[in-house]
Amino acid sequence: MSVRYVEDKKTFILQTRHCTYQMKISEYDYLLHLYYGERIEDEDLGYLIRPQDRGFSPNPNEAGNDRTFSLDVFPQEFSSDGCSDYRVSSIEVKNGDGSYAFMGKVSGYNIYPGKYRLEGLPSLFATENDTVDTLEIWLRDASTKVTVILCYSVFEEKDIITRAVKVFNGNEKTMYLNRIMSTTIDFMESAFDFVHFDGRHTMERNLTREPISYGVQSIGSTRGASSHQHNPFVILCDHDANEEYGNCYGFSLVYSGNFRCEVEKDQFDQTRIQFGINPKGFSYQLKPNEKFIAPEVVLAYSSQGFTKLSHLYHNVYRENLCRSPRAKEIRPIVINSWEATYFNFDDTKLLNIAREAVDMGVDLFVLDDGWFGKRDDDSSGLGDWNVNTSKLKKGLKGLSDEINQLGLKFGLWIEPEMVSEDSNLYRAHPDWCLSIPKRPATRGRFQLVLDLSRKDVCDYLIKEINQVLDSANIEYIKWDMNRCITEAWSHVVEPDKQGEIYHRYVLGLYYILDHIVLGHPDILFDGCAGGGGRYDPGMLYYHPQIWCSDNTDAVNRLKIQYGTSFVYPISTIESHVSVCPNHQTGRTVSMKTRGVVAMNGIFGFELDSTKMSREEKELCREQSEFYRKHYWLIANGDYYRLTNPFENKEYTAWQHVSKDKTESLASLVLTDKESNAPQLYLKLKGLNDSDFYRIQGDDRIYSGKALMTAGIPVPNLAQYESVQYYLTKVKEA
Ligand code: DGJ
């Protein structure tokens, strides 16, 4: 079993193939963290803790005269609060007696095969090929009878440990949970860099790397969604870690709402990292015998740098996260109407675009925003999910039938969580949106947010959207969300429960998705929040792919897709070829390069096919065919970032390698051309040294070793031109 309790040493040991996680029940029954890192065979690592008398670090009462036992100093698995640990805390409660204190001691544990479940929240699941064991540890506060249950599941072969926390109010009085972090890890050292992925709308997930320093560094979201600005994924790594080298710890939160990650370097150069729901605006009421479940954090450790870390996440997120049966299938190549028409279309125009797209190798036509209610711009119509027959004369069914007759599948855009003030839904139910009485509701893109903390609102949406999905032959849904939450106040909840609304919104969203997405296993769902504003594992549980960014500029996309690839598999990153000059940046890049960049993800188009030349369409068709042929290599192969576009300005390159290393696709885009430039050599990765490979279109045979150490001389490319190398293993030189 990958989880053990060693009775005589009082240690809990979690083992995966390559890593070890160890905890210990200390004197007086506190739970201390001992180790997380490279695998160490079963050995009590309790010797790492060296008690010392530390000034101004208090001692629990039961330690008597022992001034060396202090929770302010010892590494903990779940920190107490209000009782001697002054570092950022795992929990903050307001008890029924008005006190702000929690001091948990181990009161029991349970080890069982299989994965724990988190009711109402997405989390990883075990497949029949996985060996997964679970440990639950109870930490009970003897004076308040509040109990915290720490949950750990170990995916042994996949080198993944998941964590979650549950809080149970065993007190006879109501309590408030003001902070609950799903994961706390106390490292006994501090020589780490903190890596996180920041950005903004149309420029998401830029890599930021900084050494940790005294005090607290934090990232997070208070926008109601995981956000464009910070992604719920961080890495702690050695200062000299790179793609192939160094210790890296990944933390990925399976949650789509407000989150916070805090890293604290303390007075003794130890590091505490915490990850969970953002405490800002959060206060959850727990009546006697009520329970709160906090979302899951997926932990991965690599002793061999970022590439290995990414592979661990890619493998587990591909196989153990998304519930949709569509996730495992080859994805259709779509053409989306948004950048082709925006709101200005009718069925004739759409059919013309679809007809021309057939020749480009497209499988599916997606009708984006503007097909419903009164929706000629973004100021009205959201909430009225009835077809606009002045634009679509034969309705959705008529249009989808005609699209199907062209040999294409039909997909549709929806934004169920929102309402326009100028809509029948809002006029009928103004109290269905989040807003505070006597305070004018803040608008975002002219729209308001529906109160998904209300079950009646969620049930209404499930009925409405299900009706739309069943009204025509819809095989693909793009689920969008185009503003942040403000005034998170519900019209039907008592004042002392308003601090639950941000979280209850997310639970409501998952409830809706459970009923709509899981109820339509034949539909491929595509996530979107103004592009990548909610690109997180919580959404990937429902949508196997996400529209990575509203920015379709191929050169900007090099950075966006680079950052995204650190944790999210290529099979989740939706990327389209759009028109030039690009609508976001005004840049012009060749059609070939746009295709090369788009096929570093889930490939598709976002343009008016009726305005393309025959040559352009022919190139698109060739790229579609090439992509389809190599889909499994791209989507399921091991991914290698060959350059960092934030550092290497000259060119950006990446590579997909099949698991058995028999084929590979390497791509390069020249991003900063200099005249009379030195010869470039592209050094590949992930091949077998001693195997031989042929590059398509080249008669020579190369050894893996030569390709990886000496490299391939890159032809002389112009600015933004690109080149691809498709390699197959051959028997001998
Ligand atoms: C934002 C999305 O990211 C776009 O692709 C498009 O669907 C618009 N919303 C439609 O309003």
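**Strands 2 and 3.** I began with the pairing of strand 2 (residues 11-15) and strand 3 (residues 19-25) in this predicted model. The two strands run antiparallel, and I found five bridges joining them. I looked up I13 and noted Q22 in strand 3 as its bridge partner.

**The sheet around them.** I then followed the pairing outward. Four strands make up an open sheet, in the order 1-2-3-4, with antiparallel pairing. Strand 1 (3-6) and strand 4 (31-38) are the edge strands, each pairing on one side only. For the twist I noted an average turn of 15° between neighbouring strands of this sheet, direction ignored.

**K24 and D44.** Staying with strand 3, I checked the side chain of K24. K24 meets D44 in a salt bridge, 3.3 Å from N to O. D44 sits in the loop between strand 4 and strand 5, while K24 belongs to strand 3, so the pair ties together parts 20 residues apart in sequence. I compared the accessibility of the two partners. K24 has a relative accessible area of 17% and is buried, because the cut-off for buried is under 20%. D44, at 27%, counts as partly exposed.

**L48 and its patch.** In the loop between strand 4 and strand 5 (91-94) I also looked up L48. L48 is partly exposed at 33% relative accessibility. With Y47 and M188, L48 forms a nonpolar patch on the surface. I noted about 280 Å² of accessible area for these three residues together.

**Other salt bridges.** The count of salt bridges comes to 45. I picked out two further pairs.

R504 and E500 meet through their side chains at 2.8 Å, N to O. I entered E500 as buried, at 0% relative accessibility. R504 is partly exposed at 27%.

D638 and K659 form a salt bridge in which the closest N and O atoms are 2.6 Å apart. This pair links distant parts of the chain, 21 residues apart. I placed D638 in strand 30 (residues 638-641) and K659 in the loop between strand 31 (651-657) and strand 32 (663-670). D638 is buried at 14% relative accessibility. K659 is partly exposed, with a relative accessible area of 46%.

My last entry is a network. D85, R87, D186, D266 and R272 are joined into one network by salt bridges that share partners.

How values were computed. Residues are numbered from 1 along each chain as its sequence is written. This is a predicted model: local features need pLDDT of at least 70, side-chain atom pairs count only at pLDDT 80 or more; totals for chains, interfaces and linings use all residues. Side-chain values use heavy atoms; hydrogens and water are left out. Two strands pair if DSSP finds at least two bridges between them. Axes are lines fitted to C-alpha atoms, for helices over the stretch in contact, and angles run from 0 to 180 degrees between N-to-C directions. Patches are made of residues with over 30% relative accessible area and no salt bridge: like charges are joined within 9 Å, nonpolar side chains (Val, Leu, Ile, Met, Phe, Trp, Tyr) within 5 Å. Accessible areas come from the Shrake-Rupley method with a 1.4 Å probe; for residues, only the protein chains shown count as cover. A salt bridge is a side-chain nitrogen of Lys or Arg within 4 Å of a carboxyl oxygen of Asp or Glu. Buried means under 20% relative accessible area, exposed over 50%, partly exposed in between (1.4 Å probe, protein chains only).
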